[in-house]
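Trainee: Could you take me through this structure, showing me how to read its sheets and its helix packing?
Mentor: Gladly; let us put it in front of us and begin with your questions.

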Amino acid sequence: MRVVHASSSVQPRVKPYDGLNGPAHGSSPQYRASGSGRLYRKQVRRAAPSNTDWTDSRCRSSSSRAEWVFQGGCGERRCPLHSEPLRGRSEPMRRALAVLRGASKHGSGGILWITGAAGLGKTALLSEICRQAERTGMRVATGRCDIVEQVRPGAPVLGLLRSGRDPLLATADYAGIVAQSAEPLLLVEAVASALENRAATAPLLLAVDDVDRADRVSQFLLRTVIPRLVGLPVVWVLTTRDDDVEADLPGHGFAAVEQIRLGPLALPDLAMIAQDRLGHLPDQRLRGYLDAIAGNPTLAVQIIDNVARATARDDSDTVSVEFTAAIAARLAQLSAAARDLVQTVAIAGRPIPVPDLGRLGTASSEQQLPQALSGALESGLLRAEGERVDCRHDLVRAAVCAGIPAAHARRLHRSCAVYYLAASEELIAAAHAREAIGPGDLPGATTMVSVAESLVATHPEEAGELAALAFRAVRPDQPAWLDLSRRCLSVLCRTQRSTEAITVADLILARLDDNTLAAEVETQVAQALWLSGRISDLVTRTERVLGTRTLEPAVTARLRAAAALANTRIARGPAAIRGSEAALDLARTVGDREALGLALQAAGEAAKNDARHLTALGHFRELRALGGVSHLAEEIIELQFLDRYDHAQALLDQARTDHCTTEAILPASSGSEMWLHFNLGRLHEADAAARALIDLGRTLGNTEQACDAAMVSVAVALLQGDIERADQHIRTTDEIVRGGDDTRKPVVGVMRGWLAAARGDFENAMATWRPVLDGAGVCNGYWPLWPCWTGLFFKIGDTAMDHEFTALATAVAEVAASRNPGVASFEGMALNLRGRNSGDLDLIGRSAQVLARSPRPLLRACGAESYGRALLIAGDRSRGLAELDRAWDEFHTMHARAKTAEIQNVMRAAGARRSKWLVTLHHSTDGWASLTPSERRVAALIGAGHTNKSAAAELGISVNTIGTHLRSAFTKLGIQSRVQLANTLHSLPSHE
């Protein structure tokens, strides 16, 4: 059985089928049944296009006509198909056309948000906008989201690239992009680059229907790709039933956003629809029916067509405003085979190829299927879409599903799950399996776990949900319960669903008497306990299991390594190091890969916490060699601690070039890049990277990186003297760390104390910082040992005249320096604090010389500033001012306005004035002068024709950071397109 088109070059617009009494005369295809069951379209003819006036709701467009015939043994019926104008939508079309003109004439982009309840004509409006866009010469691509229809991650957005008669991408290029579906971040880069290149040749209109049903990858693509195309002639048309979806996707602030909320049609508009379809205005009785359906055009068409059929038969109609009841009544009129077919297609939730209908487990036999399909199509409940069949409208689908008994619905979902699993469409199968599974359904749970295991790398959230659901479905008395439960536990641990993983592990352990199996389960759950911050529980549980005498050597080695990792959070530095080294020796002796990975992680964490960065670097390098690139960020961070910034940058560049995995690019490596910018004094780049990382970290579920990014934003704001912005970022950090690991809270304390000091509240700053600095002696957190923080601690403690605190800060700096010999940042800061604490001018001078060799401009400036202040106190005004000038220059280059202001105050008190200070007196908030140097560099490259990707390569920063700078530049310049940016650059004086 197949669907054949007599003329495939012409696609007439087909009116919706009626869901009550079959097709209406003059609007829908008529069919007849036969044993062959061939469905084809013939006698297609299209009138010449007419000029449509969208300012008049009474307009009519020329109709396209076609005839559908179902060939069989019961005769042949033909029926013309018409397309009428949209009624009551002239204002939305006017607003949409304004956005289209902006793209086609001025090169500006925009977003059209079409929202409204089901049945209000969102898709019809979207289709007409696409048609008008094609008439203006725009290239149009369309896609549609569906709850069940997830052929692959991001399919609704990826489908844009190959939609229509003139696809945006060739088949080979499209295949290359689809091959990266498992890596969302690489996928974003590929899709954005492809669209950016196409937009350079012609304006684009990209339409996505039902974005509220988009899968997570599609949502991520929309959130990240739309900002990437800022300033290009790209118009997005997005429809949704949910007004809240707009807030979750980008749009405001960098593109023309037109919100079109469709409401119910007025009765006069519904009357015009009736006149279009009936050929005359509705009578009083029909107007009463139209008045009762609350302005829903879809239901209006159902009623009007029902009346039309009744009139053609010279019979009274049976119209009912109870749409679901009407659909149920129509189903009851079908044969059992046709009814089961309609219910199966409704449950499937997407178009089904005609040859596959028999594989979906319908009640129809192979002999019955042609006649059942004919009856279902003739009823108007199903429609043919090329070689596929589907429900004629989502309202019909919902009404059909509402009437299916629960047990039968589960059976149909199970059939769909089996069908899509066989077709290797795991995501669709998972959606059906989720609906089909019930208590005690072991086969269903087994299938669900298999799907979950296949989704761990690409869709961890879905994988974790499936594993949790599968575990809850099975009973402990079922024979395969233990094996399936351990598989569920593995998925939950790998997807970092720590609370559920611990619960599952405890339930498994409660039913286990085998010590070896119990120890293996404890090993599985160790990572979940670590991530959830339950360090004491991890220690207690591992020690309890280690007391068992019958453990296998490999299991013992894993447990020892897990205990060592826990001790890096709670034990003093030397004890944590000894424990990790012992665990590492045992893992090497046993030769167990899992034990070795845990032990190397423990050894690296212990060494880092104890400020032994060269040792930590060695452990993390071995761990990366063992487990891939997931620990690359730790290696890059350790190189920065050792002042090897060139090497850190080289590794970062290599990660972008050589590794095609999410872990190698974001968020971990972006976090290390952010710190690289911050430590090297590139505050604007660091802040832009932090803002991008906060969004991406939240999107990808990486709270740790999002927390670090928020901290960098706080530090940048305080260095720039923006106290209110710093306060906002601290509140953001509180939200991120709420309910998380306590080890992140000292980091928040450092920033909160700095903010208090900036406000002059030194007592509160000291109260906040003292526990943090005291913790450096325990060495279960490495933050207080960073050179920049020890210098900050000392300065605020000195201002507060807390000599005990400054002595402690000095001692901590000297410990860190002794463990990192030859590293200028550590050694110079230790000399600096010792000289300032003892009032030794020569020692402060030596520290300034050592810090001058540091690659960190912030530390170089601090060294020059402290030496200059000490020289002024000693009466050496000339040399003191020279050092302060050097510090001012460093801070000015970093745009650390709060620090330059401090130095200017000190120099003024010494009777000095500098003309260079004038550049900081007035800070423009708009125009070219308001752009930061980084924003100017990005704007210059983009205005010269660079893409985001090529600009990122030119400047050596990430594409996300380019996008952040570009959006900020557009806002300050008051422009919306790259054409406008080029014009702005052209109008600037040459010296700018």
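Trainee: Which strands does helix 13 lie across, and at what angle does the helix run to strand 10?
Mentor: Bear in mind that this is a predicted model. Helix 13, which spans residues 369–378, lies across strand 10 and strand 11, and its direction is at about 105° to that of strand 10.

Trainee: What is the strand order of the sheet with strands 9, 10 and 11, and how are the strands paired?
Mentor: One reads a sheet by its order in space and then by the direction of its neighbours. Here three strands make an open sheet in the order 9-11-10, and the pairing is antiparallel. The edges are strand 9 (352–353) and strand 10 (382–385), each of which pairs on one side only. Between strand 9 and strand 11 (residues 388–391), which run antiparallel, there are two bridges, and Ile352 has Val389 of strand 11 as its bridge partner.

Trainee: How many strands form the sheet with the order 5-6-7-4-8, and is the pairing parallel or antiparallel?
Mentor: That open sheet has five strands, and its pairing is parallel. Strand 5 (139–144) and strand 8 (256–261) are the edge strands, each pairing on one side only, while neighbouring strands are turned against each other by 15° on average, direction ignored. At the strand 8 edge, strand 4 (residues 110–115) runs parallel to strand 8 and is joined to that strand by six bridges; Trp113 is found opposite Gln259 in strand 8.

Trainee: Which helices should I look at against this sheet?
Mentor: Consider two of them. Helix 1 (residues 90–106) lies across strand 4, strand 6 (204–209), strand 7 (234–240) and strand 8, with a direction at about 160° to strand 8. Helix 5 (residues 184–199) lies across strand 5, strand 6 and strand 7, and runs at about 140° to strand 6.

Trainee: How do the axes of helix 22 and helix 23 cross, and what is the handedness of the crossing?
Mentor: For a helix pair, one takes the angle between the axes together with their separation. The axes of helix 22 (residues 535–546) and helix 23 (residues 553–570) come within 9 Å and cross at roughly 150°. Angles over 145 degrees count as roughly antiparallel, and therefore helix 22 and helix 23 are roughly antiparallel to each other. Their crossing is left-handed. Helix 22 contributes residues including Leu538, Val539 and Thr542 to the contact, and helix 23 contributes residues including Leu559, Ala563 and Ala566. By class, this contact has 10 nonpolar, three polar and two charged residues.

Trainee: At what angle do helix 36 and helix 38 pack?
Mentor: Helix 36 (residues 787–799) and helix 38 (residues 824–838) pack at about 10°, their axes being 9 Å apart, and the two helices are therefore roughly parallel to each other. Among the residues in contact are Phe794 and Lys795 of helix 36, and Phe826, Met829 and Leu833 of helix 38. The classes here are five nonpolar, four polar and two charged residues.

Trainee: How many aromatic pairs does the structure hold?
Mentor: There are five aromatic pairs. In one of them, the rings of Trp675 and Phe678 have centres 5.8 Å apart and planes at 85°, so the pair is edge-to-face. Both residues lie in helix 30 (residues 668–679), where Trp675 and Phe678 are three residues apart, about one turn of the helix.

Conventions:
Residues are numbered from 1 along each chain as its sequence is written. This is a predicted model: local features need pLDDT of at least 70, side-chain atom pairs count only at pLDDT 80 or more; totals for chains, interfaces and linings use all residues. Side-chain values use heavy atoms; hydrogens and water are left out. Axes are lines fitted to C-alpha atoms, for helices over the stretch in contact, and angles run from 0 to 180 degrees between N-to-C directions. Helices (H or I, at least four residues) and strands (E, at least two) are DSSP runs, numbered from the N terminus. Angles under 35 degrees count as roughly parallel, over 145 as roughly antiparallel, 65 to 115 as roughly perpendicular and the rest as oblique. A crossing is left-handed if the near helix is turned anticlockwise from the far one by less than a right angle, and right-handed if clockwise. Contact means heavy atoms within 4.5 Å. Ala, Val, Leu, Ile, Met, Phe, Trp, Tyr, Cys and Pro count as nonpolar, Asp, Glu, Lys and Arg as charged, and the others, Gly among them, as polar. Two strands pair if DSSP finds at least two bridges between them. Rings of Phe, Tyr and Trp (its six-membered ring) pair if their centres lie within 6.5 Å; planes under 30 degrees apart count as stacked, over 60 as edge-to-face and the rest as tilted.
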